[in-house]
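Biologist: I would like a close look at one helix pair and what surrounds it. Please take me through the packing step by step.

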Amino acid sequence: MTDLKYVLITGVSTGIGNDAVGLLIKKGYYVFGSVRKEEDAVKLTRQYPQNFTCLKFDVTKVDEVKASLSMVTKILNGKRLNGLINNAGLALGGPIELMDDEKFRYQMEVNLFAVRNVTNIFLPLLKGDKKQKIKGGKIIMISSISGVFNTPFNGAYCISKHAMESLAEIYRRELLMYDVDVVSIQSGP
């Protein structure tokens, strides 16, 4: 297929990411999906034998993400990545007063720093060039309504998603010149 579109989704072992893989493949996309566990990679590869490549990396490990960039670039073989969906994330609950520093930092590492790193690593495959008529891709941030409305006992998660909202807005403005559209989805309960 010459018009096949390629999308990378982080965190596809369950939930929104897993559902997105199935939907996009049904709509004719080729999907790269990241997981952390080998058993998830095996399960998903069996579940989606066509138009799917499972990437095994932890979003917080830059070297693993960079290694996957090489694999994606090889499969694309000169084509563009049409979309990046930053879906991987977690919610660590509890009173902010009692949350230890390590747990708080890990919340930020997964929901903020890793999103920035994954985006920056794959950005060269998404950037367009208006002068050369190369269309840019789309970046979708799976954020949360908690990035807008703060709730008690969910502070670390709310802070991480609020920061993600700001990150998305900065990327949105900075990447306009490369025809990259950045969208934030604020899902709720």
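Modeller: Start with the two helices. The axes of α3 and α4 come within 10 Å and cross at roughly 30°. Angles under 35 degrees count as roughly parallel, so α3 is roughly parallel to α4. The crossing of the pair α3 and α4 is right-handed. Bear in mind that this is a predicted model.

Now the residues at that interface. From α3 come V62, V65, K66, S68, L69 and V72. They meet N117, V118, I121 and F122 of α4.

Take F122 next. Setting aside neighbours within four places in sequence, F122 is in contact with L8, V65, S68, L69, V72 and L81. F122 also belongs to the largest nonpolar core, which has 32 residues. Within that core, F122 is among the members that touch the most others, along with L8, F32, V72, L81, I139 and M141.

Where does this core draw its residues from? At least two come from each of β1 (5–9), β2 (29–35), α3 (62–76), α4 (101–122), β5 (138–142) and α5 (155–174). The most come from α4, which gives six residues. Apart from this core lies another, of 17 residues. V12, A20, V31 and A41 are among its members.

Back to α4 for a polar residue. N120 sits in this helix. Its relative accessible area is 33%. Buried would need under 20% and exposed over 50%, so N120 is partly exposed. The side chain of N120 makes a polar contact of 2.6 Å with the side chain of Y171. N120 can also be placed against L176: the two are 56 residues apart in sequence, and their C-alpha atoms are 15 Å apart in space.

One more site, beyond the helix pair. S144 lies in the loop between β5 and α5. Both of those elements supply residues to the largest core. S144 has a relative accessibility of 5%, so this serine counts as buried. A polar atom of the S144 side chain lies 2.9 Å from the backbone nitrogen of S146. The S144 side chain also makes a polar contact with the side chain of Y157, at 3.4 Å. Leaving out neighbours within four places in sequence, S144 is in contact with Y157, K161, E165, I185, Q186 and S187.

To sum up the pair: α3 and α4 are roughly parallel, with F122 one of the α4 residues at their interface and also a member of the largest nonpolar core.

Note on methods
Residues numbered from 1 in each chain as written. Predicted model: local features only at pLDDT ≥ 70, side-chain atom pairs only at ≥ 80, totals over all residues. Heavy atoms only, no water. Core = buried A, V, L, I, M, F, W, Y, C linked by side-chain atoms within 4.5 Å. Buried < 20%, exposed > 50% of the residue type's maximum accessible area, 1.4 Å probe, protein only. Helix = DSSP H or I, 4+ residues; strand = E, 2+ residues; numbered from the N terminus. Contact = heavy atoms within 4.5 Å. Polar contact = N/O pair within 3.5 Å; in protein donor to acceptor, adjacent residues only side chain to side chain. Axes fitted to C-alpha atoms, helices over the stretch in contact; angles between N-to-C directions. Parallel < 35°, antiparallel > 145°, perpendicular 65-115°, else oblique. Left-handed = near helix turned anticlockwise from the far one by under 90°.
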